[in-house]
Amino acid sequence: MKKIAIAAAIAALSAPVFAQSSVTLWGRLNTSVESIKTGNGDRVASVINNNSRLGFKGTEDLGGGLKASFALEHGLNSDDGKQTSSAFWNREASVQIGSNDFGAIRLGRWTPGSYYATADYVSMHNHDTGTSEDKLYSGAGFTQTNKVGYFTPNINGFNGEFTVHAGEGVDPRGYDVALNYDQGPMHLGAGYSKQGPAKQYAIRGLYELGAFTFGGYAQREEAGNAPAGVKDARWIGRAAVMYTLGQSEFHLNVGGTKAGAYSFNGGRNGGKQYTLAYNYNLSKRTKVYAFYTAVDATTANKRDDLNSFALGVRHNF
């Protein structure tokens, strides 16, 4: 009788929660087998994780059009099963309240909207992951933790994100702004981020024309703390094209930048990057792919050079 009473009490407490809330378990496993050569080293066969993750997200209807939601996202290495950093919820840990009419306020940790509005949007072949990720995009002002953000409602295809990173007396305060426009075949975006003296701003365009999709971005990076008379800014750019034929996708993207004497990341990662890829969509959730990516760097001894041949599988759940 005691066990039955306890079970009934738990059910009574839980029922309103399940009636008002919905929680979703989701994730992605993306793993490739690659032949990789870096710098002047030998070619090595490797199994590579391509930003696999596991997440929980949920929403509660508060009435009157108001909703509360949360997101927890864990990055994991699909090649060896380890987590990707010391923080367990290293990709997102956030809570927000909002409505379709007034937008939403979010608190916690998440990836800057300025990145999603520009570089990630253009990396169509494997969503900017693994060895074929965009090696040239600048992380100047990139902040993920201790943030407060406002997300606008979608108004005729326009939406925006405005975020402040608290710093908490340890880091310089950071700011991030993202603007997006999606209407028909046209997709436009812009991003700005700043933390301390480092900042970047970028614009992105993507256009769908039948079986073809054309995209690209241009980014300006400014270190802001170079010695007097030393240039500390540079332009970074990438162009991409995708052609679809049935369940097949054919991708080509090319990026480039000058290293400069004093850029945000110490002058490294100057040069060019090329990626040629093929995807075959087995379903909406699963695809197999192959790619070749190469970085021709301008650094001494070619230490940042890379080229890789890859075969992979990506599954979303």
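**Patch, core and confidence**

Mentor: In this predicted model, at least two residues of the nonpolar patch come from β6 (103-109), and at least two from β7 (147-151).

Trainee: Which residues make the nonpolar surface patch, and what area does it have?

Mentor: Val95, Ile105, Leu107, Val148, Tyr150, Phe162 and Leu179 make it, with an area of about 580 Å².

Trainee: Why is Ile105 called partly exposed?

Mentor: Ile105 is found in strand β6. Its relative accessibility is 43%. Buried would need under 20% and exposed over 50%, so Ile105 falls in between and counts as partly exposed.

Trainee: What makes Ile105 eligible for a patch, if it is partly exposed?

Mentor: A patch residue needs over 30% relative accessible area. Ile105 has 43%, so that cut-off is met.

Trainee: Which residues form the largest nonpolar core?

Mentor: It has 11 residues: Tyr115, Ala119, Val122, Met124, Leu136, Tyr137, Leu206, Tyr217, Ile236, Ala240 and Met242. Two or more residues come from each of α3 (119-122) and β13 (233-245). The largest share, three residues, is from β13.

Trainee: What makes this set a core rather than a patch?

Mentor: A core takes buried residues, joined through side-chain atoms within 4.5 Å. Buried means under 20% relative accessible area, so each of the 11 core residues is below that value. In soluble globular proteins, nonpolar side chains tend to be buried together.

Trainee: How much of the chain is buried, and how much area is exposed?

Mentor: Of the 317 residues, 42% are buried. The chain exposes about 16600 Å², with 62% of it supplied by carbon and sulfur atoms.

Trainee: What does Ser69 touch, beyond residues up to four places away in sequence?

Mentor: Ser69, in strand β4 (residues 66-76), touches Gly58, Thr59, Ser94, Val95 and Gln96. Val95 is also one of the patch residues.

Trainee: How do you know that Ser22 is not among those contacts of Ser69?

Mentor: The list of residues touched by Ser69 does not include Ser22. The two are 47 residues apart along the chain, and their C-alpha atoms are separated by 9.4 Å. A contact is judged on heavy atoms within 4.5 Å.

Trainee: Where is the pLDDT below 50?

Mentor: The mean for the chain is 89, and 87% of the residues reach 70 or more. Over residues 1-19, however, the pLDDT is below 50, and this stretch has zero contacts in the model beyond near neighbours in sequence.

Notes
Residues are numbered from 1 along each chain as its sequence is written. This is a predicted model: local features need pLDDT of at least 70, side-chain atom pairs count only at pLDDT 80 or more; totals for chains, interfaces and linings use all residues. Side-chain values use heavy atoms; hydrogens and water are left out. Buried means under 20% relative accessible area, exposed over 50%, partly exposed in between (1.4 Å probe, protein chains only). Helices (H or I, at least four residues) and strands (E, at least two) are DSSP runs, numbered from the N terminus. Patches are made of residues with over 30% relative accessible area and no salt bridge: like charges are joined within 9 Å, nonpolar side chains (Val, Leu, Ile, Met, Phe, Trp, Tyr) within 5 Å. Accessible areas come from the Shrake-Rupley method with a 1.4 Å probe; for residues, only the protein chains shown count as cover. A salt bridge is a side-chain nitrogen of Lys or Arg within 4 Å of a carboxyl oxygen of Asp or Glu. pLDDT is the predictor's confidence in each residue, from 0 to 100.
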